[in-house]
Amino acid sequence: MTTALSAPPALRAQAGRLDAADPLAPLRARFLLPPDVVYLDGNSLGPLPAAVPPALDDAVRRQWGTGLIGSWNGAGWWEAPLRVGDAVGRLIGAAPGQTVAGDSTSVQLFTALDAAAALRPDRPLLVTDPGHFPTDRYLADAVARRRGLDVRRVAPADLPAFLAAEGHRTAVVSYSPVDFRTGELYDLAALTRAAHDAGALALWDLCHAAGALPLDVDGTGVDLAVGCGYKFLSGGPGAPAYLYVAQRHHAALETPLPGWTGHAAPFDLAAGYRPAPGIARARIGTPPILSLLALEAALTAFDGVDLRQVRAKSLSLTGFFLRCADELLTPLGFAPVTPADPARRGSQVTLRHPDAHALTRALAHHGVLADMRAPDLLRFGVNALYTTHTDLLEAALRLHTLTATGAYDRTPPAPGVVT
Ligand SMILES: *Cc1c(COP(=O)(O)O)cnc(C)c1O
């Protein structure tokens, strides 16, 4: 602790003041966080909500163990994908009947991309972010190959100009409102408008936005959206993802995976597929009930929570961490890559440092759980439901000490290690 000796008292006082005045502080009790851990990786795997273990115990012992097959109707299993979909819908601004939960984000993305392309059959371009999450890029390529489309990779900042020129040939634009590496926030409403002005559809991947900031998919005219259940929604490892399709598209919606549970009359066992009305046609096969019920219980952590307050606190947290970084870490070679402008900041702060991997492991060794994205980005995710300003100060101080003393192992990680 050399350069930082004068800084921590002011930062500590500020953290204490902000935490004491935090109206959302009681929500932390809705999560079972281990003591002595600073958890800043909820944008990769949300922590365990207190409501989940009793809900899973009931699902396994009573609903499955005692109710057996009768629970498909008796315990509401059959309707769970639509019921949980509606619960996610409340967090993304979707009126009921437009969101279905189940399967993984990747499967839902494939469904959404293919269905969107089918809704604009005469347009040859599929436009996506060159910096999009890998699965989003791979699936855009796969859907384009299957449908004979061309993929255009256009950075979000360049999308309006691209659409002004090529929008009339564009079937769908596929973007995330938050860059998973840098935490930069894009203007979902403006980009959706630009797509619509060109007659194209807007598909949004909400993995890093749902539960972290207010969204209004209905009000902003989003056509389709997907997102995972295990990041800010804390539905557990591999939690079901969700697919939103705006109601105006339901009648024409054709999905590439017309499984039997999306049939209009699944128990008629008909020879041919006839899609169910509404979003139910986006169901595929037998849903993962235990995981759906875990996600449903997890979502109760948001009961009574105003997402505008969540957003305000998230910005306070990330703003405070940027200040900590400025005072404690940039002098040691860290460079913040997350925009300082709150209007362009999601719910994480990313710092660039050549030893990102080794430092992330060293932090974890000291109870500060963050993550990194290759080759040199350290990511610190905040969740206003449980993160405190003091957590962030502890993380910054620990990182400062490790870096200033050089007391960490720079050996490269074994291949295939989850980061
Ligand atoms: C986390 C994330 C995914 C994950 O996809 P899975 O199928 O759940 O593994 C996809 N896209 C984005 C933008 C993500 O942030």
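In this predicted model, the ligand sits in the largest pocket. Two elements each give two or more residues to the shell around the ligand, namely helix H5, which spans residues 105-119, and helix H6, which spans residues 134-147. Thr-135, one of the residues around the ligand, lies in helix H6.

The residues around the ligand are Ser-104, Thr-105, Ser-106, Phe-133, Thr-135, Asp-136, Asp-205, Cys-207, His-208, Tyr-230 and Lys-231, and by character this shell divides into three nonpolar, five polar and three charged residues. Polar side-chain atoms approach the ligand at several positions: a side-chain N or O atom of Ser-106 is 2.6 Å from an oxygen atom of the ligand, and a polar side-chain atom of Lys-231 lies 2.5 Å from a ligand oxygen atom, whereas in the case of Asp-205 a polar side-chain atom lies 2.9 Å from a nitrogen atom of the ligand. Taken alone, the ligand exposes 390 Å², of which the protein buries 86%.

An unreviewed UniProt entry lists, under "binding site", Thr-105, Ser-106, Phe-133, Pro-134, Thr-135, Asp-136, Asp-205, His-208, Tyr-230, Trp-260 and Thr-286. These positions are spread over 182 residues of sequence and are also spread in space, with up to 31.0 Å between C-alpha atoms. From this set, the lining of the largest pocket takes in Thr-105, Ser-106, Phe-133, Thr-135, Asp-136, Asp-205, His-208 and Tyr-230. Ser-106 and Asp-205, both listed in the record, are thus also described here through their side chains, with Ser-106 placed 2.6 Å from a ligand oxygen atom and Asp-205 placed 2.9 Å from a ligand nitrogen atom.

Key:
Residues numbered from 1 in each chain as written. Predicted model: local features only at pLDDT ≥ 70, side-chain atom pairs only at ≥ 80, totals over all residues. Heavy atoms only, no water. Near = heavy atom within 4 Å. Polar contact = N/O pair within 3.5 Å; in protein donor to acceptor, adjacent residues only side chain to side chain. Areas by Shrake-Rupley, 256 points an atom, 1.4 Å probe, with all protein chains shown as cover. 1 Å grid on protein atoms, 1.4 Å probe; cavity = no way out; pocket = protein on both sides within 12 Å on 5 of 7 lines; lining within 4 Å. Sits in = over half its atoms within 2 Å of the grid points. Helix = DSSP H or I, 4+ residues; strand = E, 2+ residues; numbered from the N terminus. Nonpolar A, V, L, I, M, F, W, Y, C, P; charged D, E, K, R; others polar. UniProt positions renumbered as here; feature names shortened; annotations may be inferred.
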